[in-house]
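Please take a moment with the sequence and the model before reading on. The paragraphs below start from a single side chain and work outward from there.

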Amino acid sequence: MGLNLSNQQIAQELDINKDDVQKMTSQLRESIFARLPIPQLSGEVEADEVYVVAGHKGNPDAVKKRP
């Protein structure tokens, strides 16, 4: 799993059926995920405003900033 191999590559290397490899890797991933701690969020969050101008295709004068 750490070598970033596909299920088919693992099946070829171990000379077993790719469906069996799929089951084994799924079980491994599920058990790893089950042991991860639940993230605890805390503190302040800051977000910036973003204004996206869209819909003025081919008319660049329409989106220029006005003084």
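Methionine 24 is a residue of helix α2, in what is a predicted model. Its relative accessibility is 44%, and because the partly exposed class runs between 20% and 50%, methionine 24 counts as partly exposed. Together with Leu14 and Ile16, Met24 makes a nonpolar surface patch of about 270 Å².

The helix that carries methionine 24 can be described as a whole before its other residues are taken up. Helix α2 spans residues 18-35, and its 18 residues reach 26 Å from the first C-alpha to the last, which is close to the 26 Å expected at 1.5 Å a residue. At the start of α2, the backbone nitrogen of aspartate 19 has a side-chain oxygen of asparagine 17 within 2.9 Å.

Ahead of this helix comes the loop between α1 (7-14) and α2, and aspartate 15 lies in that loop. Most residues other than glycine have a negative phi. Aspartate 15, although it is not a glycine, has a positive phi of about 60°. With a relative accessible area of 69%, aspartate 15 is exposed, since the exposed class begins over 50%.

On the other side of the loop, helix α1 can be read by its two faces. Asn7, Ile10 and Ala11 are the residues to look at here, being buried in α1. They cover an arc of only 100° around the axis, and therefore lie on the same side of α1. This arrangement can be set beside a general property of the α-helix, which has 3.6 residues a turn, so residues three or four places apart point the same way. The face of α1 turned away from the buried side carries Gln12 and Glu13, which are exposed.

What does the side chain of asparagine 7 make polar contacts with? Asparagine 7 belongs to helix α1, and it counts as buried because its relative accessibility is 17%, under the 20% limit. Its side chain makes a polar contact with the side chain of glutamine 22 at 2.5 Å, and another with the side chain of threonine 25 at 3.3 Å. Aspartate 20 can also be located relative to asparagine 7, for the two are 13 residues apart in sequence and their C-alpha atoms are 9.3 Å apart in space. Aspartate 20 has its place in helix α2, where, at 39% relative accessibility, it counts as partly exposed.

Threonine 25, one of the partners of asparagine 7, is a residue of helix α2. Is threonine 25 buried or exposed? Its relative accessibility is 6%, and threonine 25 therefore counts as buried. A polar atom of the side chain of threonine 25 also lies 3.1 Å from the backbone oxygen of glutamine 22, so that, with a cut-off of 3.5 Å for polar contacts, the distance falls within the limit. Glutamine 22 is thus named twice in this part of the model, through its side chain with asparagine 7 and through its backbone oxygen with threonine 25.

These details can finally be placed against the protein as a whole. The protein has two helices and zero strands, and of its 67 residues 7% count as buried. The exposed surface of the protein comes to about 7100 Å², of which carbon and sulfur atoms supply 53%.

Key: Residues are numbered from 1 along each chain as its sequence is written. This is a predicted model: local features need pLDDT of at least 70, side-chain atom pairs count only at pLDDT 80 or more; totals for chains, interfaces and linings use all residues. Side-chain values use heavy atoms; hydrogens and water are left out. Helices (H or I, at least four residues) and strands (E, at least two) are DSSP runs, numbered from the N terminus. The expected span of a helix is 1.5 Å times one less than its number of residues. A polar contact is a pair of N or O atoms within 3.5 Å; within protein, one must be able to donate a hydrogen and the other to accept it, and residues adjacent in sequence count only if both atoms are side-chain atoms. Buried means under 20% relative accessible area, exposed over 50%, partly exposed in between (1.4 Å probe, protein chains only). Accessible areas come from the Shrake-Rupley method with a 1.4 Å probe; for residues, only the protein chains shown count as cover. Patches are made of residues with over 30% relative accessible area and no salt bridge: like charges are joined within 9 Å, nonpolar side chains (Val, Leu, Ile, Met, Phe, Trp, Tyr) within 5 Å. A salt bridge is a side-chain nitrogen of Lys or Arg within 4 Å of a carboxyl oxygen of Asp or Glu. The arc is that of the directions from the helix axis to the C-beta atoms.
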